[in-house]
Amino acid sequence: MASPAPASPAAAAAHCPPPRIGLAGLATMGQNLALNIAEKGFPISVYNRTAAKVDSTLSRARDEGSLPVLGHRDPRGFVLSLARPRAVVLLVQAGPAVDATIQALSPYLEPGDAIVDGGNEWYQNTERRIQEAAARGVLYLGMGVSGGEEGARNGPSLMPGGSADAYANIRDILQKAAAQTEDGACVTFVGPGGAGNFVKMVHNGIEYGDMQLIAEAYDVLRRLGGLSNSEIADVFAEWNRGELESFLVQITADIFTVADPLDGSGSGGGALVDRILDKTGMKGTGKWTVQQAAELAVAAPTIAASLDGRYLSGLKDERVAAAGVLEEEGMPAGLLETVNVDKKVLVDRVRQALYASKICSYAQGMNLLRAKSVEKGWNLNLAELARIWKGGCIIRARFLDRIKSAYDRNPELANLIVDREFAREMVQRQNAWRWVVARAVEAGISTPGMTASLSYFDTYRSSRLPANLIQAQRDLFGAHTYERIDCPGSFHTEWTKLARRSNGAAI
């Protein structure tokens, strides 16, 4: 006797109660998150302006296990298909598209329903929309979603902020859909207002720094040590079994194992990574992070260096032309100096430099979060943020366990660098770190992220900086005053008059 055909998604959903949650915006991220939620046992309605996206989502739901997904091609039917209080997740492009989608759905939403924006949105846009929604009695969450397409399908890190009531209504769904670690689901209510989007923005800023530092480690290994792609793949794979274990280190090892399907002659061969144009794209969250750091007077030089690196990478034609001009004026085309060092020694020193630099990048991001939390009264829990970043997200890494522990020990920790465990590790690694940066400078290899991290470390640990001279200069040309180290108060000096008098006396 033939087995019955599997039920269609629509048929499976028809036997379920009305969905509590819907999702609008069915590009790959939206499709994957919808299928993830359905796979966890929660029926979900989906909607997209383009009917073909709805059809492809339903097709995937059927092929991936007859998942309970209901497709809708008009906003009214989509919203009214949901059980109250309704929760509508938006995964559309940040900016005007979000406002347009909200405008299309709003006529059918009722007081107590909730909108959940899962895009990389500017946090002030979220705060504006919270107020606009509240005027209609609608709840609003701005929810950071990290993990890319794979994370959305199998379990992302989720950073919802805004309405605590909206979060409570769908907490069970988000906890099942999020990545899971030994410490629980990688989701938490971040805080009120635009806190969720701001946290995701800083997460992306740390990600910028992480990626820049890994690229610099690769460049030093390749150019200073002469390591082949195969050797570099092995190095990153080995690093991923130790203290540097992380998603980004893991995928870096994988990248160096992929051959180019077509070489220059069209016959295939060579490493694909070597054929990729050295111009880095970006979507804006790194820029926002650096802008916010400047607004809040928080030093974030590693993240800023990574952003500058992307800007400079975009000047490909100018860089090629500059290399030619400078070579004509006597600049060597290759390394300025070679270093005679054992490959194993180089690999170990670069590992230490990368680890110490990463601590600085995370420290800068955490300090920015704390400063914004104080300004906005968000009461961000930095230990809890480190916990939900341990799984699903792009910056997931082994040492987030220890970052969480550092903030558990001292929620008011001024900087990760002064946590006793991290301080000990920084001191132990500083000689190798300095060696790598110095050799790179001597050879003419650009390492802006590692250099910025080392300068940040040296500046932060200095009990006396040359800022006294800068303040004297400011007082001379602008009467900005200064403080003294030997008595309280603000002082102003007629520097030019006194200097002329002193110079005249000397003559």
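This is a short chat about reading helices and their crossings in a predicted model.

Trainee: What span should I expect for helix α18, residues 420-443?

Mentor: Count 1.5 Å a residue: the 24 residues of α18 should then span 34 Å, and its end C-alpha atoms are 34 Å apart, so the two agree.

Trainee: Where is the kink in α18 centred?

Mentor: Look at Q430, where α18 has a kink of about 50 degrees. Then go just past α18 to G444, which takes a positive phi of about 80 degrees.

Trainee: At what angle do helices α9 and α13 pack?

Mentor: Angles from 65 to 115 degrees count as roughly perpendicular. Helix α9 (residues 195-223) packs on helix α13 (residues 301-313) at about 70 degrees, with the axes 8 Å apart. So α9 is roughly perpendicular to α13, and the crossing is left-handed.

Trainee: Which residues of α9 and α13 make the contact?

Mentor: First, the general idea: an α-helix has 3.6 residues a turn, so residues three or four places apart point the same way. Here, α9 contributes residues including G205, Y208, G209 and Q212, while α13 offers T302, S306 and R310, among others. By class, this contact has six nonpolar, six polar and one charged residues.

Trainee: And how do α15 and α18 cross?

Mentor: The axes of α15 (residues 343-376) and α18 come within 8 Å and cross at roughly 125 degrees. The two helices are therefore oblique to each other, and α15 passes α18 in a left-handed crossing. Among the contact residues are L346, V350 and A353 of α15, and F422, M426 and W433 of α18. By class, there are 13 nonpolar, three polar and three charged residues in this contact.

Methods. Residues numbered from 1 in each chain as written. Predicted model: local features only at pLDDT ≥ 70, side-chain atom pairs only at ≥ 80, totals over all residues. Heavy atoms only, no water. Helix = DSSP H or I, 4+ residues; strand = E, 2+ residues; numbered from the N terminus. Expected span 1.5 Å × (residues − 1). Bend = angle between axes of the 7 residues up to and from the residue. Axes fitted to C-alpha atoms, helices over the stretch in contact; angles between N-to-C directions. Parallel < 35°, antiparallel > 145°, perpendicular 65-115°, else oblique. Left-handed = near helix turned anticlockwise from the far one by under 90°. Contact = heavy atoms within 4.5 Å. Nonpolar A, V, L, I, M, F, W, Y, C, P; charged D, E, K, R; others polar.
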